[in-house]
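Work through the following exercises with the sequence and the three-dimensional structure at hand. Each task is followed by a solution in steps.

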Amino acid sequence: MTTSKHIELLQEMSIFVSVVNTGSFSKSARQLGVSPSSVSRAIKLLEQQLGVCLLQRTTRSLRLSETGRAVYERCTQLEQAAKDVISLCESYHQTAQGTVKIAAPKAVAHSLIHPNVMAFLGKFPNIDVHLVLDDNALDLIRDEIDILFKITNEPPQGLIGRSVMTIEHIVAASPKYLATHSIPTHPKELVQHSCIALGETDADAKWRFRKGTQKLTTPVSGRYKANHTRVRLDAALQGFGITSLPMFVSKDALASGDLIQVLPEWQFETHYSGELWMLYPATRHIPAKVSIFADFIVQRLTRGC
């Protein structure tokens, strides 16, 4: 039997239950909003497909056959199961409960998402959070992720979401380091400095800058490399050299004067800069737990909490 035939059979079974419950073709028709002839035709088709007589009809009444009674019991169970599924899904979408699995690049997760999770858990006691810190490309479906934070100016097709904030990257050093070294006035002068780079690939030792339409790449070197922003921040604060950092990681140290931005007129370009997007699968039925967390984190990040 084809899928369409299955659907027709389910519809006919539902009409059959309605006829039995109302005790009349005409009452059932009024309840369902169809013509009595449509109800009669559906019952005949159901009997033909099942190969049995379900209803014994007289001019004044209807009575279930022995087989019809057994079929009716099964049909009511099926109808109740359908109602339970609908109720379950409505509850699933309307009730804020369960676990929200979130994935984000390490620095974003550590500095932007994590600091707000405690407040979220306190406000929504029925929602748990599973935070995955990963700089690798993750798949929402394969990795069973509810919300993916991704730094990109071109969000992947097939996903929906919103831009949360702009991630800026800067180059900075401590006053201690700059007091004993010349302050660079041009990116090319960085070759004379100890630079704390990411160190994951050879390209990480080639820093890219832009000022207006002017672009350039300069090689850098240093005795220390680290693929974590907090580690590079700490090394820079201790005076080990000049490093690159996201603005959201360095802003407190900049405000306190423990860190000084160098080459401020030049924009540091990296794959870790651009728009921070919050993404989730394209569907009309977003679970309440997901939409609640999304609204909460956007509100917190946009107001800088």
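## Exercise 1: A salt bridge and its network

R208 and E269 form a salt bridge in which the closest N and O atoms are 3.8 Å apart. The pair links distant parts of the chain, with R208 in strand β9 (residues 206-211) and E269 in strand β13 (residues 267-269), 61 residues apart.

The model is predicted, so local features need pLDDT of at least 70, side-chain atom pairs count only at pLDDT 80 or more, and totals for chains, interfaces and linings use all residues. Residues are numbered from 1 along each chain as its sequence is written, and side-chain values use heavy atoms, with hydrogens and water left out.

Task: Determine whether R208 and E269 are buried, partly exposed or exposed, and state which residues share a network with them.

Solution.
Step 1. Recall the criterion: a salt bridge requires a side-chain nitrogen of Lys or Arg within 4 Å of a carboxyl oxygen of Asp or Glu. Strands (E, at least two residues) and helices (H or I, at least four) are DSSP runs, numbered from the N terminus.
Step 2. Apply the accessibility classes: buried means under 20% relative accessible area, exposed over 50%, and partly exposed in between (1.4 Å probe, protein chains only). R208 has 37% and is therefore partly exposed, while E269 has 18% and is therefore buried.
Step 3. Salt bridges with shared partners join R208, R210 and E269 into one network.

## Exercise 2: Further salt bridges

Task: State how many salt bridges the whole structure holds, and describe the pairs D295 with R162 and R74 with E73.

Solution.
Step 1. A search of the whole structure finds 5 salt bridges.
Step 2. In one of them, the side chains of D295 and R162 meet at 2.7 Å, N to O. D295 lies in helix α9 (residues 288-302) and R162 in strand β6 (residues 159-167), so this pair ties together parts that are 133 residues apart in sequence. D295 is partly exposed at 44%, and R162 is also partly exposed, at 28%.
Step 3. The side chains of R74 and E73 meet at 3.9 Å, N to O. R74 is exposed, with 52% relative accessibility, whereas E73 is partly exposed, with 39%.

## Exercise 3: Helix α9

Task: Compare the span of α9 with the expected span, and list its buried residues.

Solution.
Step 1. The expected span of a helix is 1.5 Å times one less than its number of residues.
Step 2. α9 has 15 residues and reaches 21 Å from its first C-alpha to its last, close to the expected 21 Å.
Step 3. The buried residues of α9 are A288, K289, V290, F293, A294, F296, I297, V298, R300 and L301.

## Exercise 4: The largest pocket

Task: Give the volume of the largest pocket and describe its lining.

Solution.
Step 1. On a 1 Å grid over the protein atoms alone, a pocket is an open set of points where a 1.4 Å probe fits, with protein on both sides within 12 Å along at least five of seven lines; lining residues have an atom within 4 Å of a point. A volume is the space filled by probe spheres set on the points, which are joined across faces, edges and corners.
Step 2. The largest pocket holds about 700 Å³ of space. Its lining has 33 residues, and the closest to its centre are L198, E200, T270, H271 and Y272.
Step 3. The strand β5 gives the most to this lining, with 4 residues.
Step 4. The lining divides into 13 nonpolar, 10 polar and 10 charged residues. Here Ala, Val, Leu, Ile, Met, Phe, Trp, Tyr, Cys and Pro count as nonpolar, Asp, Glu, Lys and Arg as charged, and the others, Gly among them, as polar.

## Exercise 5: Cysteines and positive phi

Task: Explain why C75 forms no disulfide, and locate E144 and L263.

Solution.
Step 1. A disulfide is a pair of cysteine sulfur atoms within 2.5 Å, and the structure holds 0 disulfides.
Step 2. The closest cysteine sulfur to that of C75 is in C53, 14 Å away, which is too far for a bond. C75 is buried, at 4% relative accessibility.
Step 3. Most residues other than glycine have a negative phi. E144, not a glycine, has a positive phi of about 55°; E144 is found in the loop between β4 (127-133) and β5 and is exposed, at 63%.
Step 4. L263, not a glycine, has a positive phi of about 50°. L263 is placed in the loop between β12 (260-262) and β13 and is buried, at 3%.
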